Amino acid sequence: MKQDQYTAKISYPICKMEQLNMAAWSMEILCPEVAAKAQPGQFVNILPEGGFTLRRPISICEIDKQAGTLRIVFEVRGKGTAALAQLRAGDTVNMLAPLGHGFSLPDSSEHVILVGGGIGTPPMLPLAQYFGKNAVVISGFRNQNAAILQEDFKAAGAKTILCTDDGSAGQKGLVTVPLAEEIQAQKPALICACGPMPMLKATAALAMENGIPCQVSLEERMGCGIGACLVCACRTKDAEGAEQYQHVCKNGPVFNAEEVVW
């Protein structure tokens, strides 16, 4: 990634901070120059305060180009994200953005299916807002308490299907069950997905079986976030089937499903 693809400024004020459940937080950041460039599927890289050396990559959950804001949703999973969860409106964040390669989208009039698993659900919201009533959003979580963004998807006009592992909310079971049903009901022009690797692999397989283009956003640990280190290397294959390694941060996080070596 060329350096001019993300903004030179790195300090941005927080407009809104909200706790969504016991582990998940929503942060809205005022960053007009970033919002103007940002595309669905890209991510931000934030450096927590307090002596941390590595930034935390977080997917973009919402883009408001008119207001000049980005929204990110993250879970507290360690000391770095715990530090981010302590921030409040009026504080600032040290952020490099927008980073990565996002989704390549057809016209908003096309029918699409969006699949999110756990904290892989937030990147689906900008897509749902783009496609509106032409989108079906299928989200999977461990249980009712872990579910997030369901009202946001409904507000976007999308058909919203919730799955939980224990059946405490929505349908009990894997997202691939309603995915197969929705494909049979109306074949989509595109399937987009983000979440755990087994979910992505199963989603990609269903798409391939039905001849549907599929784009997946991969989740990998990252160091620099701009392709200078080798932490987030992943195996892919070119058009001839030859395997190669690419960077999730630079070449992704979004890849065509047929590129990925599952």
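**Exercise 1. Leu 149**

Task: In this predicted model, determine where Leu 149 is placed and whether Leu 149 is buried or exposed.

Solution. Step 1: Leu 149 belongs to the loop between E8 and helix H4 (150–155). Step 2: its backbone is then examined; phi of Leu 149 is near 70 degrees, which is a positive value in a residue other than glycine. Step 3: the relative accessibility of Leu 149 is 6%. The cut-off for burial is under 20% relative accessible area, so Leu 149 counts as buried.

**Exercise 2. Asn 134**

Task: State which loop holds Asn 134, and identify what Asn 134 touches beyond residues up to four places away in sequence.

Solution. Step 1: the loop in question runs between helix H3 (124–131) and E8. Step 2: Asn 134 has a relative accessible area of 19% and is therefore buried, the limit being under 20%. Step 3: once residues up to four places away in sequence are set aside, Asn 134 touches Ser 108, Ser 109, Glu 110, His 111 and Val 112.

**Exercise 3. The buried side of helix H5**

Task: Identify which residues of helix H5 (residues 176–185) are buried, and explain why they are assigned to the same side of H5.

Solution. Step 1: the buried residues of H5 are Thr 176, Pro 178, Leu 179, Glu 182 and Ile 183. Step 2: these residues lie on the same side of H5 because they cover an arc of only 160 degrees around the axis. Step 3: Gln 184 and Ala 185, on the other side of H5, are exposed. Step 4: the packing partners of the buried residues of H5 include five strands named here individually: E7 (112–117), E8 (135–141), E9 (159–164), E10 (171–172) and E11 (190–194). Helix H6 (197–209) also packs against the buried residues of H5.

**Exercise 4. His 247 and the cis peptide bonds**

Task: Describe the setting of His 247, and state which peptide bond, from Gly 252 or from Ala 97, leads to a proline in a loop and which to a proline in a strand.

Solution. Step 1: His 247 is part of strand E14 (residues 243–247). With a relative accessible area of 17%, His 247 is buried. Step 2: leaving aside neighbours within four places in sequence, His 247 is in contact with Gly 227, Cys 229, Leu 230, Cys 232, Gly 252 and Phe 255. Step 3: His 247 and Glu 151 are 96 residues apart along the chain, and their C-alpha atoms are separated by 34 Å. Step 4: Gly 252, a contact of His 247, is joined to Pro 253 by a cis peptide bond with omega near 10 degrees. Pro 253 lies in the loop between E14 and strand E15 (254–256). Step 5: the bond joining Ala 97 and Pro 98 is also cis, with omega about -10 degrees, and Pro 98 is in strand E6.

**Exercise 5. Domains**

Task: State how the chain is divided and how far apart the C-alpha centres of domain 2 and domain 3 lie.

Solution. Step 1: the assignment gives domain 1 (5–99), domain 2 (103–217) and domain 3 (218–262). Step 2: the C-alpha centres of domain 2 and domain 3 are 22 Å apart. Step 3: their contact takes 14 residues from domain 2 and 11 residues from domain 3.

**Exercise 6. Pockets**

Task: Establish which element gives the most to the lining of the largest pocket, and which provides the largest share of the lining of the second largest pocket.

Solution. Step 1: the largest pocket holds about 860 Å³ of space. Its lining consists of 27 residues, of which Arg 56, Pro 57, Arg 77, Glu 220 and Arg 221 are the closest to its centre. Step 2: strand E4 (56–64), strand E5 (69–75) and H2 each supply at least two lining residues, and E4 gives the most, with 4 residues. By class, this lining has 12 nonpolar, 7 polar and 8 charged residues. Step 3: the second largest pocket has about 410 Å³ of space. Among its 20 lining residues, Gly 117, Gly 118, Gly 140, Asp 165 and Pro 196 lie nearest its centre. Step 4: E8 and H6 each contribute at least two residues to this second lining, with the largest share, 3 residues, coming from H6.

**Exercise 7. The cavity**

Task: State how many cavities of 30 Å³ or more are counted, and which elements each supply at least two residues of the lining of the largest cavity.

Solution. Step 1: the count is 1 cavity, and about 40 Å³ of space lies in the largest cavity. Step 2: strand E3 (43–47), helix H2 (79–85) and strand E6 (92–99) each supply at least two lining residues. E6 provides the largest share, 3 residues. Step 3: the lining divides into 7 nonpolar, 2 polar and 1 charged.

Technical notes. Residues numbered from 1 in each chain as written. Predicted model: local features only at pLDDT ≥ 70, side-chain atom pairs only at ≥ 80, totals over all residues. Heavy atoms only, no water. 1 Å grid on protein atoms, 1.4 Å probe; cavity = no way out; pocket = protein on both sides within 12 Å on 5 of 7 lines; lining within 4 Å. Points joined across faces, edges and corners; volume = space filled by probe spheres on them. Nonpolar A, V, L, I, M, F, W, Y, C, P; charged D, E, K, R; others polar. Buried < 20%, exposed > 50% of the residue type's maximum accessible area, 1.4 Å probe, protein only. Arc of directions from axis to C-beta. Contact = heavy atoms within 4.5 Å. Domains from an automatic or database assignment.
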